[in-house]
Amino acid sequence: MSKTEVVVYANQDLLAAAAAARLVTRLVDVQAAKGSASLVLTGGGTGIAVLSELQASSARDAIDWSRLDIYWGDERFVPADSDERNEKQAREALLDHVPLDPKRVHAIAPSDGEFGDDVDAAAEAYASVLAANAGPEDHGDVPSFDIMLLGLGGEGHTASVFPESPAVYETERSVVAVRNCPKPPPTRVSLTLPALRRARDVWLMTAGEAKADAVALALAGAGEVQLPVAGARGHRRTLWLLDRAAAGKLTKVYQPPTA
């Protein structure tokens with residue numbers, strides 16, 4: 001049965017450093033158990049800060065990077081060299097500094113890639129990538145990712161699934177094109193909530209007072225249509241990694257000791 005855990009850190013810097021350390025430990029454990037591991041990355045300030053902390057840590061060498069599959073939970077549909085692109089940010093923060101197998105880095109196509117500005121084709125292509133990497137044990141067209149890193153917005157979006165948007169109602173497809181996002185850039189590609197829930201572990205990482213309402217509502221059981229982050233759950237564990245400000249409106253039921 002899936003379990004939910006909440007850990008609160010004094011500030012965003014400590015949160016990022018601790019999340020990076022946790023990531024090393026978990027990936028090493030998974031690789032020891034089954035040989036390889038899969039990790040889904042997120043953009044945003046906290047997500048990229050975690051990757052930077054990992055790059056700066058000598059502990060990163062404990063991971064066998066050649067036996068790691070990298071995916072993204074969503075991507076801004078912009079040119080490959082855009083600073084807004086999650087892949088570019090992740091490469092600069094970490095991926096270009098570790099010995100990954102290029103064939104195991106599964107990026108979402110940019111708007112100047114092989115599909116041009118056809119965001120629907122880019123989404124369909126990424127769904128095909130996921131299906132090709134799913135095994136018989138996954139019982140579907142999405143791999144059972146070992147760890148999925150996610151952030152969230154103050155209004156409750158996660159990946160690029162926004163409240164009451166077409167994407168939040170999607171139950172059949174694993175990846176969708178997202179248009180008219182309420183925050184720029186407006187066009188994106190995102191895994192859907194059912195695909196996010198294929199992960200064994202979902203780590204929701206966020207900081208700042210602006211996120212406190214969304215965090216509290218999600219942990220109190222809000223519906224995923226109005227608050228998509230409430231629908232992002234790992235089928236083994238959902239781990240919330242927060243700073244004090246983001247945890248500021250949690251009830252005592254969910255407020256753990258500060259790490």
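Which residues lie nearest the centre of the largest pocket, and how many residues line it? I would like to start there, with the reminder that what we are looking at is a predicted model. The lining of the largest pocket is made up of 23 residues, and those nearest its centre are G43, G44, G151, L152 and H157. The elements that contribute two or more residues to that lining are α2, which spans 44-56, together with β4 and β8, and it is α2 that gives the most, with four residues. As for the space itself, the largest pocket holds about 320 Å³.

Since β4 has come up, let me turn to the sheet that contains it. The sheet is open and has three strands in the order β4-β7-β6, paired in the antiparallel sense. At its edges stand β4, residues 74-76, and β6, residues 175-178, and because each has a single partner strand, one side of each is left without a neighbour in the sheet. From one strand to the next, the twist averages 15°. The antiparallel pairing of β4 with β7, which covers residues 188-191, runs over three bridges, and R76 is found opposite R188 of β7. Helix α4, residues 119-133, packs on this sheet, where it touches β6 and β7, and its direction makes about 160° with that of β6.

Now to the charged side chains. In general, side chains of opposite charge can pair when their charged atoms come close. For this model the count comes to 20 salt bridges, and I will go through three examples.

The first example joins D69 and R104, whose side chains meet with an N to O distance of 2.8 Å. Because D69 lies in strand β3, residues 68-72, while R104 sits in the loop between α3 (86-93) and α4, this pair ties together parts that are 35 residues apart in sequence. Both of these residues are buried.

The second example brings us back to β4, where the side chain of E75 forms a salt bridge with that of R85, at 3.6 Å from N to O. Here E75 belongs to strand β4 and R85 to the loop between β4 and α3, ten residues apart. Are these two partners buried or exposed? E75 is buried, with a relative accessible area of 1%, and R85 is buried too, its relative accessible area being 1%.

The third example is the pair D201 and R236, whose closest N and O atoms are 2.7 Å apart. D201 is in strand β8, residues 201-206, and R236 is in the loop between α6 (212-219) and β9 (237-243), so that the pair links parts of the chain 35 residues apart. D201 counts as buried, at 0% relative accessibility, whereas R236 is partly exposed, at 35%. This pair also belongs to a network in which salt bridges that share partners join K3, E5, R26, D201, R236 and R237.

That leaves α6 itself. Why can we describe α6 as largely enclosed by the rest of the structure? The reason is that six of its eight residues are buried, namely A212, A214, V215, A216, A218 and L219. Those buried residues pack against β1 (3-9), β8 and β9, and after the helix comes G221, which has a positive phi, near 100°.

Technical notes: Residues are numbered from 1 along each chain as its sequence is written. This is a predicted model: local features need pLDDT of at least 70, side-chain atom pairs count only at pLDDT 80 or more; totals for chains, interfaces and linings use all residues. Side-chain values use heavy atoms; hydrogens and water are left out. Two strands pair if DSSP finds at least two bridges between them. Axes are lines fitted to C-alpha atoms, for helices over the stretch in contact, and angles run from 0 to 180 degrees between N-to-C directions. Contact means heavy atoms within 4.5 Å. A salt bridge is a side-chain nitrogen of Lys or Arg within 4 Å of a carboxyl oxygen of Asp or Glu. Buried means under 20% relative accessible area, exposed over 50%, partly exposed in between (1.4 Å probe, protein chains only). On a 1 Å grid over the protein atoms alone, a cavity is a set of points where a 1.4 Å probe fits but cannot get out, and a pocket is an open set with protein on both sides within 12 Å along at least five of seven lines; lining residues have an atom within 4 Å of a point. Grid points are joined across faces, edges and corners, and a volume is the space filled by probe spheres set on the points.
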